[in-house]
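Student: I should like to learn how aromatic ring pairs are read from a set of coordinates. Could we work through one example together?

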Amino acid sequence: MREIPVQSLQWESFHQYGEFSDALHPAGYSLGDFYHDRVLFPVSEGRMVGFSSLVCTKRMEKIIDSAECHSTAAEFILPLDGDVIVHVAPPSQVPVPELTEAFLVPKGTMVMLRIGVWHLAPFAVKEGDTHVLIGLPERIYKTDCMVVAYAEDQKMKVNYTEDAKR
């Protein structure tokens, strides 16, 4: 089984998949204490965004055996009380598991995945539950969510070490 390393979240390696910003340690331009427009989330006019809670529990082995994408919507991810690992692959007509990359997303870091990026639920890093806020256009998980199970030879193991935090 192929192993993929977990990378730290850096603009150079992540920007093709989306945007991110540390909400707990904002920096740069602001209106006083208001750090505005850090992550932009595109939606169609009149479309509501739903915010949902996802509870991730640490797994002994982090195996990527499937992925999903949304062809009309971006997705917002915010780990609230622990770090998570997000796996992504570039937008395409069919899944491209061979292009999958994994990134460590520190708690309090807002991530927006671009339309069409292949992904699935994050992996929790800490023991116990990690709570993640998910933002998607209302009911998109029912109307625009293509989930694909990978063949046995396409599955991969996420190789996480503490070095990914640096």
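**Reading aromatic pairs**

Tutor: Let us begin with one residue: F14 is buried, having a relative accessible area of 2%. Please bear in mind that this is a predicted model.

Student: Is Y17 buried or exposed?

Tutor: Y17 is buried, with a relative accessible area of 1%. The cut-off behind this reading is a relative accessible area under 20%.

Student: How is a pair of aromatic rings described?

Tutor: Two quantities serve: the distance of the centres and the angle of the planes. In this structure, the ring centres of F14 and Y17 lie 5.9 Å apart and the planes stand at 55°, so the pair is tilted. Planes over 60 degrees apart would count as edge-to-face.

Student: Which class describes the pair of F51 and F76?

Tutor: The centres of these two rings, F51 and F76, are 6.1 Å apart with planes at 85°, so the pair is edge-to-face.

Student: Where do F51 and F76 lie?

Tutor: F51 belongs to strand 3 (residues 49–57), while F76 belongs to strand 6 (residues 75–79). The pair therefore ties together parts that are 25 residues apart in sequence.

Student: Is F51 buried or exposed?

Tutor: F51 counts as exposed, at 53% relative accessibility. Its partner F76, in contrast, is buried, with a relative accessible area of 12%.

Student: How many aromatic pairs does the count come to?

Tutor: The count comes to five aromatic pairs. Ring pairs also link F14, Y17, F20 and F103 into a cluster.

Student: What should I read from the protein as a whole?

Tutor: One may start with secondary structure: the protein has two helices and 14 strands. Its radius of gyration is 16 Å, close to the 15 Å given by the globule rule for 166 residues, so the protein is as compact as a globular protein of that length. The C-alpha trace spans about 50 × 35 × 30 Å along the principal axes.

Student: What share of the contacts joins residues 24 or more positions apart?

Tutor: Among contacts with a separation of 6 or more, such residues account for 84%.

Student: How much of the protein is buried, and how much area does the protein expose?

Tutor: Of the 166 residues, 42% count as buried. The exposed area is about 9,200 Å², of which carbon and sulfur atoms supply 54%.

Student: How far apart are the mean positions of the positive and negative charges?

Tutor: The protein carries 15 positive and 23 negative charges, and their mean positions are 4 Å apart.

Methods. Residues numbered from 1 in each chain as written. Predicted model: local features only at pLDDT ≥ 70, side-chain atom pairs only at ≥ 80, totals over all residues. Heavy atoms only, no water. Helix = DSSP H or I, 4+ residues; strand = E, 2+ residues; numbered from the N terminus. Rg over C-alpha atoms; globule rule 2.2 N^0.38 Å. Buried < 20%, exposed > 50% of the residue type's maximum accessible area, 1.4 Å probe, protein only. Contact = heavy atoms within 4.5 Å. Areas by Shrake-Rupley, 256 points an atom, 1.4 Å probe, with all protein chains shown as cover. Lys, Arg positive; Asp, Glu negative; His and termini not counted. Charge placed at Lys NZ, Arg CZ, Asp CG, Glu CD. Phe/Tyr/Trp six-rings, centres within 6.5 Å; stacked < 30°, edge-to-face > 60°.
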